[in-house]
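Colleague: I would like to learn how to read empty space, strands and helices in a protein model, and I would be glad of some guidance.

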Amino acid sequence: MRRALELAAQETRRTLPNPSVGAVVVKSGEIIGEGYHQYFGQPHAEVNAINSISDQSKLAGSTVYVTLEPCSHYGKTPPCADLLIRSGISSVVVGCLDPYEKVSGAGVERLRAAGMEVKVGVLHDECVSLNRRFILARKERRPYIILKWAQTTDRFIAPEDGARMTISSQQSHQLLHYWRGQEMAIAVGANTARTDDPSLTVRYTELYAERELPPMQPLRVVIGDASKLPDGLKLWGPDAPTLAYSNKPGLHFGPTVSVSICDTSNRLIQTICEDLYQREVLSIIIEGGTTTLSHFIESNLWDEARVFTSPMMLYRGKSAPELGEVAPSSTTTSGTDLLEVYYHPDLPKRLGLFSNALRITEPSML
């Protein structure tokens with residue numbers, strides 16, 4: 001199962017909104033085949049593992065280890081449970097169940113009904129942690145939410161006048177661009193969109209050179225009333241798709257910009273999370289500003305926070321958001337900055353972990 005986890009961790013973004021899954025076929029104590037889900041809409045891990053075996057007769061009496069319950073429904077591809085049943089494999093070891101309503105235990109039931117031996121829960125928490133974006137989104141019916149900000153040592157996020165300034169180091173800035181490419185969406189508040197005029201695209205693509213494939217540009221999201229924003233913002237440009245929210249119909253910012261009509265004054269954060277989930281956006285990173293970040297914190301709608309602290313001092317300015325009594329899960333350096341990663345105290349419960357701690361196995365750019 002650890003090998004299956006290693007395989008699954010090779011691709012955690014291009015499979016979304018599907019999960020990242022690894023599969024290993026074992027016979028007589030030896031691995032005879034392996035594979036992982038590489039792209040959304042392409043063959044699943046079980047298919048790739050079985051197809052990697054040149055002599056299909058070896059499948060008879062073998063065991064497959066798979067990090068997530070095999071699917072039992074027709075989607076972009078046929079059910080993997082049916083493939084395993086036809087293959088001659090005699091037993092299946094599953095890391096964790098799939099919370100998606102079209103699976104949710106049905107895959108395991110189908111395997112057992114066909115007479116296969118099925119064991120569930122091997123390295124369960126590691127398998128859940130790897131797919132925490134997918135699993136959280138399916139359980140909570142909202143995206144996995146990551147908060148990010150950079151602050152000075154005296155905990156200011158911007159000068160008093162709100163003018164744009166660089167707080168974090170160049171290395172931290174590059175790391176942020178890598179993070180952007182790992183999530184399905186990236187968001188800022190309407191005030192930040194106006195004052196900073198950010199592009200919210202993935203640059204520094206040399207970070208992806210070893211992956212051979214260029215990064216995926218996330219959906220850009222403007223949180224707040226877009227009707228108050230001017231034309232000509234970089235967010236309205238063609239570099240990536242943009243989704244803006246407004247309570248006024250008829251807005252048009254360009255061919256790559258969609259406008260969702262909602263009440264921007266009541267339950268805004270909850271409404272946006274519900275709308276994004278309906279659009280199959282399962283992960284989002286919130287980059288600011290303080291008001292927008294604080295709204296997510298006050299609404300208890302966050303799962304992870306990544307905070308850069310620069311050695312810079314401002315002495316006065318706009319205060320950084322407050323997470324409350326939450327201790328960092330990890331602390332490291334990023335250039336001249338301190339980087340702290342926080343997980344919401346309820347995240348293990350939200351994910352259905354057996355223990356009270358995440359077990360992260362995916363690769364990091366640190």
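Modeller: What follows takes up a cavity, a pocket, a strand and a helix in turn, and please keep in mind that this is a predicted model.

Colleague: How should I begin with the empty space, and how many cavities of 30 Å³ or more are there?

Modeller: Rolling a probe the size of a water molecule over the atoms shows where empty space is left. In this structure the count comes to 1 cavity of 30 Å³ or more, and the space in the largest cavity is about 50 Å³.

Colleague: Which residues line the largest cavity, and which helix gives the most to that lining?

Modeller: The lining includes Thr-12, Thr-15, Leu-16, Asn-18, Pro-19 and Ser-20, together with residues such as Leu-130, Asn-131 and Phe-134. Helix H6, residues 132-140, gives the most, with 3 residues, and by class the lining divides into 4 nonpolar, 5 polar and 2 charged residues.

Colleague: What is the volume of the largest pocket, and which residues lie nearest its centre?

Modeller: The largest pocket has a volume of about 1200 Å³, and among its 49 lining residues Thr-192, Asp-196, Glu-287, Gly-288 and Gly-289 lie nearest the centre. Among the elements that give two or more residues to this lining are strand E8, helix H8 (190-196) and helix H10 (290-298), while by class the lining has 16 nonpolar, 21 polar and 12 charged residues.

Colleague: Since strand E8 belongs to that list, how many of its residues are buried, and which way do they point?

Modeller: A residue counts as buried when its relative accessible area is under 20%, and in strand E8, residues 185-189, 5 of the 5 residues are buried. Ala-185, Ala-187 and Gly-189 point one way from E8, whereas Ile-186 and Val-188 point the other way.

Colleague: Which strands pair with E8?

Modeller: Strand E9, residues 219-223, runs parallel to E8 and is joined to it by 5 bridges, with Val-188 standing opposite Val-222. Strand E12, residues 283-286, also pairs with E8 in the parallel sense, over 3 bridges, and there Ile-285 is the bridge partner of Ile-186.

Colleague: How do I read a helix, and which residues of helix H9 are buried?

Modeller: An α-helix has 3.6 residues a turn, so residues three or four places apart point the same way. In helix H9, residues 268-278, the buried residues are Leu-268, Ile-269, Ile-272, Cys-273, Asp-275, Leu-276 and Tyr-277. Just after H9, Glu-280 takes a positive phi of about 65°.

Terms used
Residues numbered from 1 in each chain as written. Predicted model: local features only at pLDDT ≥ 70, side-chain atom pairs only at ≥ 80, totals over all residues. Heavy atoms only, no water. 1 Å grid on protein atoms, 1.4 Å probe; cavity = no way out; pocket = protein on both sides within 12 Å on 5 of 7 lines; lining within 4 Å. Points joined across faces, edges and corners; volume = space filled by probe spheres on them. Helix = DSSP H or I, 4+ residues; strand = E, 2+ residues; numbered from the N terminus. Nonpolar A, V, L, I, M, F, W, Y, C, P; charged D, E, K, R; others polar. Buried < 20%, exposed > 50% of the residue type's maximum accessible area, 1.4 Å probe, protein only. Pairing = 2+ DSSP bridges.
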